[in-house]
Amino acid sequence: MVGDRMRGRQAAGMIVILAALAGLPLFVRSDYFLGILSVCFIYGIWATSWDFMSGLTGRENFGHALFIGAGAYTAAFLNGKLGTSPWWGLPAGGLAAGLISLVIGVPTLRLRGPYFALAMLAAATIMQRLTLIFWQYSGGEEGIPGLDPMFETKTAIYYLCLCGFVGITALLLLFARSPWGLILRSIRGDEAASQAAGIDVTFHKIAALVVSACCAGIGGVLYAHYQEAVTPDVFSVTLSITIIIMVYVGGIGTLYGPAVGAVLLALLPELLRGLGQYRLWVYSLVLIFILFFAPGGLIAPLWRRVAAGRP
Amino acid sequence: MTVPLLEVTHLNKRFAGLVAVNDVSFTLDAGEIAGILGPNGAGKTTLFNLLTGFLAHDAGSVRFEGHDLGGSLPHQIVNRGLARTFQLCRPFAGLSVIENVMVACLAPRVRRRERPERRAREIVDAVGLAHRADTAVETLPYGDLRRLEIARALATRPRLLLLDEPFAGLGAGEIAPLSDLIRRLHAAEGLTILLIEHRLREFMQLVSRVIAMDFGRIIASGTPGEIVRHPRVIEAYIGRAAENLTSGGAHGAA
């Protein structure tokens, strides 16, 4: 009964937030601000997809930017070099990121220990270097400019990013609350015990990584076409770490926490624009404070309290 | 002639010079309840890890229902019907009691036949944890964790259940009910059980056959009555204890 009421409140809260986001362009006419929010939603996709693999199974991924970059550069090659419609980027970028995740995941996720985390970190860094080494194809530091936007108006792009964000978050939440999600959480709890319960843990970890990578890749495609360009920064360690921080602030393993946390944290530097190059300092301090004072994150515990009707 | 449920032949495992399991051979018939007895470091848990695929053996073979388990992964062995519990309870942290059991109901062997929620409820009921079904495992007392450990193994619908020291860490009052549970499971489901235990009294009442191990070898095998009178078992237990008393805990040569 308490659970039902809580679920009812949560559903009501969710509808209010979604309605507010959907109605926002009617009141906010600033293209600049809608653009900022579009990027925030893309960060939301990245953080939620990171949390799906790493938050649920407990296998930290220090190179989520690898999948983002794979999606973004796939979109840029297709649209910028081959001149295909930007919409082809969405399936192609998701697929490219998924394939790369298999290359990293299959050999490393069967092992215990830090191999997966390190391989992800290394692979993302190597890809960033490769974009500089093969500059004839990838444009080097400059990247690939001149991509077509998905839509002409910022309002339409805003809705596209919002739909992508809400759709992917809803899908991943559905997975997380299914029996599959239970299996993934058991791997986080105790991998050997999960095997002793008859679960093929290697298969499930790889499957979760592929899903996570596809979603991150799609986010990368949206980002590339939003910016109408890609640069090697999409592979950067900074981006990977930023995403992890967003997840921890939101509340790891909850998916909705990182989704909201990412949007808010992505918005924060815009609100504190004066800080400029100190952004990472602020992020790092925020992370330290949150790990220290609220190890379960901020957003997810807060949301649970509000939903339970406690002050 | 019927095939034994489990047939272990000339099993060997060494760790960097230490022979943990040395030429171990035995069989288990369906419906048996047998025990492995032996002092600490005799190789009992290593033997369990070899049988369940958590370790690979160096030589010998393990056949379960006639299938060679060599090279099989732990989850594949569970899905053949050979389940285990761990000596130290290993619950899935962050999940409730019922969710812990439900994970095992999602194993391919079980999932094809039954709805996981229903089966999980039944099993939680059967081991006497119904009143704790929705409790977070972190708050569970140790005796209940032991039951959960058994519940999770049972949920995989095993034909053979390996219990690694099911009474370890339990108080005197908790042992008898758990002992009853194991006996009931054995009777009701026709489950074959192989258990490791240190507590001689409960152990001897529970099992119909004992395999005694020392320094990785089987030193004797027989009914509980035969085993307690077996000279090598007495030497392994009491002889060494006496020796320990006189020589300050140092072991004699193997």
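Trainee: What does chain A average for pLDDT?
Mentor: This is a predicted model. Chain A averages a pLDDT of 91. In chain A, 97% of the residues score at least 70.

Trainee: Where in chain A is confidence lowest, and where is it highest?
Mentor: Lowest is helix α13 of chain A, residues 279-293, with a mean of 76. Highest is helix α10 of chain A, residues 201-227, at 98.

Trainee: Why should I care about low pLDDT?
Mentor: Where pLDDT is low, the predicted coordinates should not be read in detail.

Trainee: OK. How many helices and strands are there in chain A?
Mentor: Chain A has 14 helices and two strands. Its radius of gyration is 19 Å, close to the 19 Å from the globule rule for 311 residues, so chain A is as compact as a globular protein of that length.

Trainee: What does the C-alpha trace of chain A span?
Mentor: About 60 × 50 × 35 Å along the principal axes.

Trainee: And how much of chain A is buried?
Mentor: Buried residues make up 50% of the 311. Now look at contacts in chain A with a separation of 6 or more: 79% of them are between residues 24 or more positions apart.

Trainee: Switching to chain B. What is its secondary structure?
Mentor: Ten helices and ten strands. The radius of gyration of chain B is 19 Å, which agrees with the value near 18 Å for a compact globule of 254 residues. The C-alpha atoms of chain B fill a box of roughly 55 × 40 × 35 Å along the principal axes.

Trainee: How many of the residues of chain B count as buried?
Mentor: 43% of the 254. For contacts in chain B between residues at least 6 apart in sequence, 64% join residues at least 24 apart.

Trainee: How many residues of chain A are in contact with chain B?
Mentor: 17 residues of chain A, and they meet 23 residues of chain B. Two elements of chain A give two or more residues to that side: α8 (179-189) and α9 (191-196). The largest share is from α8(A), with seven residues.

Trainee: What classes of residue are on that side of chain A?
Mentor: Eight are nonpolar, five are polar and four are charged.

Trainee: What do the buried residues of α3(B) pack against?
Mentor: They pack against α8 and α9 of chain A. Those are the helices named a moment ago for the side of chain A that touches chain B. In chain B, the partners of α3(B) are α4 (108-111), α5 (116-126) and α6 (142-155).

Trainee: How many residues of α3(B) are buried?
Mentor: Nine of its nine, so to speak the whole of residues 97-105. Among them are B:Val97, B:Glu99, B:Asn100 and B:Val101.

Trainee: Which residues touch the most others in the largest nonpolar core?
Mentor: A:Trp46, A:Leu66, A:Ala72, B:Val101 and B:Ala151. That core has 170 residues. Helix α10(A) gives the most to it, 16 residues.

Trainee: What does A:Ala72 touch?
Mentor: Leaving out residues up to four places away in sequence, A:Ala72 touches A:Gly220, A:Val221, A:Tyr223, A:Ala224, A:Val230 and A:Val234.

Trainee: Now strands. Is β3(B) enclosed or exposed?
Mentor: Five of its five residues, 33-37, are buried, so β3(B) is largely enclosed by the rest of the structure. Both faces are covered. One side has B:Ile33, B:Gly35 and B:Leu37, and the other has B:Ala34 and B:Ile36.

Trainee: Which strands is β3(B) joined to?
Mentor: Four bridges join β3(B) to β8(B), residues 192-196, and the two run parallel. There, B:Ile36 stands opposite B:Ile196. Four bridges also join β3(B) to β9(B), residues 209-214, again parallel. In that pairing B:Gly35 stands opposite B:Val210.

Trainee: What is the strand order in the open sheet of four strands?
Mentor: The order is β2-β1-β4-β5 in chain B, with antiparallel pairing. The edge strands are β2 (18-28) and β5 (67-68) of chain B, and each pairs on one side only.

Trainee: How many bridges join β1(B) to β2(B)?
Mentor: Seven, and the strands run antiparallel. B:Lys13 stands opposite B:Val21 in β2(B).

Definitions and conventions:
Residues are numbered from 1 along each chain as its sequence is written. Chains are lettered from A and ligands numbered from 1 in the order in which they are written. This is a predicted model: local features need pLDDT of at least 70, side-chain atom pairs count only at pLDDT 80 or more; totals for chains, interfaces and linings use all residues. The radius of gyration is taken over C-alpha atoms; the globule rule is 2.2 Å times the number of residues to the power 0.38. A residue is buried if 20 or more other C-beta atoms lie within 10 Å of its own, exposed if 12 or fewer, and partly exposed in between; C-beta atoms are placed from the backbone. Two residues are in contact if their C-beta atoms, placed from the backbone, lie within 7 Å. Ala, Val, Leu, Ile, Met, Phe, Trp, Tyr, Cys and Pro count as nonpolar, Asp, Glu, Lys and Arg as charged, and the others, Gly among them, as polar. Two strands pair if DSSP finds at least two bridges between them. pLDDT is the predictor's confidence in each residue, from 0 to 100. A nonpolar core is a set of buried Ala, Val, Leu, Ile, Met, Phe, Trp, Tyr and Cys residues joined through C-beta atoms within 7 Å.
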